[in-house]
Amino acid sequence: MKKLGVAGRKLLTDESGAATAEYAIATMAAVGFAGLLVVIMRSDEVRGMLTDIIRTALSIPG
């Protein structure tokens, strides 16, 4: 097995940019989830259910 020099070990253990990659993955997941919500919210059935929930929540019992 070949021994790595100092530069080789540093290259293999360097984690700079790891946080940036994690942020990119989280951002892409959030964008995908937002896109899914947009598709769901465009449904007339879902829109009607949400409207009913909001009307019920805002109605004053009397």
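**A three-helix chain and its nonpolar patch**

The chain exposes about 6000 Å², of which carbon and sulfur atoms supply 68%. This is a predicted model, and the mean pLDDT of the chain is 82, with 73% of its residues reaching 70 or more. Confidence varies along the chain: among its elements, helix α1, which covers residues 6–13, has the lowest mean pLDDT, at 66, whereas α3 has the highest, at 91. What is said below about individual residues concerns helices α2 and α3.

The secondary structure comes to three helices and zero strands, so that, read from the N terminus, the elements follow one another as α-α-α, where helices are DSSP runs numbered from that end. How much of this chain counts as buried? Of its 62 residues, 0% fall in that class, for which a residue would need a relative accessible area under 20%.

Against this background, the nonpolar part of the surface can be taken up in more detail. Phe33, Leu36, Leu37, Ile40, Met41, Leu50 and Ile53 make a nonpolar surface patch of about 630 Å². Two helices, α2 (18–41) and α3 (44–58), each supply at least two residues of this patch, and the element that gives the most to the patch is α2, with five residues. Leucine 36, one of the residues that make the patch, has its place in helix α2. Because its relative accessibility is 47%, leucine 36 counts as partly exposed, a class that lies between the 20% and 50% limits.

Turning from nonpolar to charged side chains, the structure holds one salt bridge. The partners are aspartate 44 and arginine 47, whose closest N and O atoms are 4.0 Å apart. Why are these two residues separated by about one helical turn? Both belong to helix α3 and they are three residues apart there, which means that about one turn of the helix lies between aspartate 44 and arginine 47. Are the two partners of the bridge buried or exposed? Aspartate 44 counts as exposed because its relative accessibility is 61%, while arginine 47, at 42%, counts as partly exposed.

Helix α3 thus returns in each part of this account: it supplies at least two residues of the nonpolar patch, it contains both aspartate 44 and arginine 47, and it has the highest mean pLDDT among the elements of the chain.

Technical notes
Residues are numbered from 1 along each chain as its sequence is written. This is a predicted model: local features need pLDDT of at least 70, side-chain atom pairs count only at pLDDT 80 or more; totals for chains, interfaces and linings use all residues. Side-chain values use heavy atoms; hydrogens and water are left out. Patches are made of residues with over 30% relative accessible area and no salt bridge: like charges are joined within 9 Å, nonpolar side chains (Val, Leu, Ile, Met, Phe, Trp, Tyr) within 5 Å. Accessible areas come from the Shrake-Rupley method with a 1.4 Å probe; for residues, only the protein chains shown count as cover. Helices (H or I, at least four residues) and strands (E, at least two) are DSSP runs, numbered from the N terminus. Buried means under 20% relative accessible area, exposed over 50%, partly exposed in between (1.4 Å probe, protein chains only). pLDDT is the predictor's confidence in each residue, from 0 to 100.
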